[in-house]
Amino acid sequence: MLKTHTCGELKHDCIGQEVTLAGWVHRRRDHGGLTFIDLRDRWGLVQVVSDPEYAEAHEIMASLRSEYVVQVSGNVRGRPDGATNPDMASGDIELVAKQVEILNISKTPPFDINKITRVEEGLRQKYRYLDLRRSHMLKNLHLRHNTIAFIRNHLSQSDFLEVETPILFKTTPEGARDYLVPSRLHKGKFYALPQSPQQLKQLLMVAGVEKYFQIARCFRDEDQRGDRQPEFTQLDIEMSFVEQEDVLQTIEVMMTQLVSNLTSMKFQQTPWPRFSNEEALNRFGTDKPDLRFGIELQDVTELVSKSEFKIFSSAEAVKGINAEGCGTYTRKEIDSLTDFVKKYGAGGLAWAVVGEDDSISRSSFGKYVDVVTMNALKKKMQAKPGDLLLLVASEIDIVHDSLAALRIKIGEKISSYDPNTLACCWVVDFPLFNWNEQENRWDPSHHLFTAPLTEDLCHLKTDPGKVRGSQYDMVCNGYEMAGGSIRIHDSELQQQIFGLIGLEQSVAIDRFGHMLEAFEYGTPPHGGIAVGIDRLVMLLAQEKNIREVIAFPKSQQATDLMVGAPSSADVDQLNELHINVVDPPDDIIE
RNA sequence: GGUCCCGUGGUGUAGCGGUUUAACAUGCUGCCCUGUCAAGGCAGAGAUCGCGGGUUCGAAUCCCGUCGGGACCGCCA
């Protein structure tokens, strides 16, 4: 080893020892006759001081620059009185440089590594290896490691078996778009990268593994968001002989221990509250409510149904939220909220301000709605003087989408919530199917293998829309953090579901024949869940984008700015893969 | 597929039709400096304002296009 100690372990009790450190020049302070550098490695910072007595070392110290890689040997000593630094973990000691060797020099970095400054995202991604040197990124990598290590340890101790599943898998047109991998040996055929190990973990249950987990990389070729990358990591879990409650408990127990062991964050409520999908939609407009905000949607459809105001009376649903204390908003501010809800398909935003005398002082619809109705509206929405009522009238889905988003926007402004809060909940009882207008058929709302709730089985033939699945989502601070279900383990029921969603027998066998066949060989009842590791670590790190907790993330255009991927392939490679590129880019390699 | 925001020395920003020879901070280079820790002082280098076109007597500034980054809708659990 080129070092005897790390910068992080050098403490007061090392005084007097002869040590060798190695790392990067974090910062230098050159006083001419005396030079200080802060030497950085993964574990910390140590001040190195030059002593003119060691002339050679003294000279080299003066020539050091930011991010040079150096090895320093010398004596650890206590700092003189008045020269200690209480902000530094090793602030009461320093290393006297007897011998300094420059292991590697560095160009001036393209951005400051030793300061917390905002740097343009593209630059950070291009020089990710430098970005990762910055303390908060290192901290995030560390937290991610600790999170995964905790999970592995916890589940292993609970008798789960970690099993790896293939990355080269089979395309399944259902769900998200697949990443395809052309086959060299099989002309015109393709593997697909797994969107999740869903089928494989179920087959592991057929195999008798009973308790499985995997830290699994998943791939989905869809457009990016702050909480979505084309490749991401799931904690994938599957268990046999369990009921929904067992899965929920497994996760809730693990998460509770994880959070208390690794962070100083606190759950807003324990045990986690549970909502049916229906209740979540009614109260918050979404199946992933951010419970840090107390605001709830109020249904006033009935109340305004007889109103002169056509927009209200003719709408499928009219709901609103009370933006408490926002009565001071200017017309311009309210207009910008109107533009905001229009993104979600709302035609507009109806609003009313409650004045100091408890009457409506300003409103977009006051002249169309009588006083009695207006008072009922105020009462229903628990409006006080100074409040701003915001209503959307439209189709129910649009009302929910737009108000759910508006609720967050207003909540962030008016709520004071502790950033250390984790507001987790379970959302359960999702409908098993959604009616697909275009295709005129039922679509699975989760995935094909979700078991119907036993008590709803009777509706399967008569009214599929009424059937709820044994499906559950874990939601935290408004992010869908985990989702899973109890699966169908019966070949016959599975085929019935395939039929309902319009999957022809031949197609079903071609795509899922292996599942149906497997289910004929003694399949245990089973179910599971998958936790989004990137999102989880993002919340624990209190970051707003999962890029911050992924070492080498993709840009919003799904490119890697550091290595320049995707890139053209050379013609020989393409020929071998039986691929002929239509309209090839200019830089295709001949 | 769509909407919006950003692009000015290495970095982060200001300037938003003419006293701009493009400013400030930081970084960088050199010199001075023995107790600093965002060290300090002095001096200096460094940008044809992402790219292309247009409007104008005149464009970093206005318009169109394009490229790159980001936020969001659609998409995606």
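Is Val582 buried or exposed? In this predicted model, Val582 has a relative accessible area of 73%. Since the threshold for an exposed residue is over 50%, Val582 counts as exposed. The residue belongs to the segment after helix H16, which spans 571-576. Its C-alpha atom is separated by 46 Å from that of Tyr521, a residue 61 places away along the chain.

The chain as a whole provides the setting for such local details. Chain A contains 16 helices and 24 strands, and its C-alpha atoms fill a box of roughly 90 × 75 × 55 Å along the principal axes. Of the 590 residues in chain A, 49% are buried. The accessible surface comes to about 29,800 Å², and carbon and sulfur atoms account for 49% of that area. Among contacts between residues at least 6 apart in sequence, 67% join residues at least 24 apart. As to charge, chain A carries 64 positive and 86 negative side chains, and the centres of these two sets lie 4 Å apart.

The strands may be followed from the N-terminal part of the chain. Strands of a sheet pair through backbone hydrogen bonds, in either a parallel or an antiparallel sense. A closed barrel of five strands runs in the order E1-E2-E3-E5-E4, and its pairing is mixed. On average, neighbouring strands of this sheet are turned by 55° against each other, direction ignored. Within the barrel, strand E1 (residues 18-30) and strand E2 (residues 35-41) are joined by six bridges in the antiparallel sense. Here Arg29 stands opposite Phe36 of E2. Helix H1, formed by residues 55-63, lies across E1, E2, strand E3 (44-50) and strand E5 (93-104), and runs at about 70° to E5.

Another sheet has an open arrangement. Five strands, ordered E13-E14-E17-E15-E16, are paired in the antiparallel sense. Strand E13 (298-299) and strand E16 (360-363) stand at the edges; because each has a single partner strand, one side of each is left without a neighbour in the sheet. Helix H11 (residues 396-414) packs on this sheet, where it touches E14 and E17, and its direction makes about 0° with that of E14. The edge strand E13 is joined to strand E14 (residues 317-323) by two antiparallel bridges, and Asp299 has Lys319 of E14 as its bridge partner.

How many residues of E14 are buried? The count is seven of its seven residues, and E14 is accordingly described as mostly covered. Ala317, Lys319, Ile321 and Ala323 point one way from the strand, while Val318, Gly320 and Asn322 point the other way, and all are buried. E14 also pairs with E17, in the antiparallel sense and over seven bridges; Asn322 has Leu389 of E17 as its bridge partner.

Strand E17 comprises residues 388-394, and Ser394 lies within it. Ser394 has a relative accessible area of 13%. The limit for a buried residue is under 20%, so Ser394 is classed as buried. Leaving aside residues up to four places away in sequence, Ser394 touches Ala315, Glu316, Ala317 and Val399. One of these, Ala317, is itself a buried residue of E14.

Further along the chain, strand E22 (residues 471-476) is joined to E23 by six bridges, and the two run antiparallel. Met474 has Ala482 of E23 as its bridge partner. E22 and E23 form a hairpin with two residues between them, and Asn477 in the turn has a positive phi of about 50°. Strand E23 also pairs with strand E24 (residues 526-532), through five antiparallel bridges, with Ala530 of E24 as the bridge partner of Gly483.

Why is E23 largely enclosed by the rest of the structure? Six of the eight residues of this strand, which spans residues 479-486, are buried, so E23 is largely enclosed. A similar account applies to helix H15 (residues 533-540): eight of its eight residues are buried, so H15 too is largely enclosed by the rest of the structure. The buried residues of H15 include Asp534 and Arg535, together with Ile533, Leu536, Val537, Met538, Leu539 and Leu540. Just after H15, Gln542 takes a positive phi of about 55°.

Conventions: Residues are numbered from 1 along each chain as its sequence is written. Chains are lettered from A and ligands numbered from 1 in the order in which they are written. This is a predicted model: local features need pLDDT of at least 70, side-chain atom pairs count only at pLDDT 80 or more; totals for chains, interfaces and linings use all residues. Side-chain values use heavy atoms; hydrogens and water are left out. Buried means under 20% relative accessible area, exposed over 50%, partly exposed in between (1.4 Å probe, protein chains only). Helices (H or I, at least four residues) and strands (E, at least two) are DSSP runs, numbered from the N terminus. Two strands pair if DSSP finds at least two bridges between them. Contact means heavy atoms within 4.5 Å. Accessible areas come from the Shrake-Rupley method with a 1.4 Å probe; for residues, only the protein chains shown count as cover. Lys and Arg count as positive and Asp and Glu as negative; His and the chain ends are not counted. The place of a charge is taken as NZ of Lys, CZ of Arg, CG of Asp or CD of Glu. Axes are lines fitted to C-alpha atoms, for helices over the stretch in contact, and angles run from 0 to 180 degrees between N-to-C directions.
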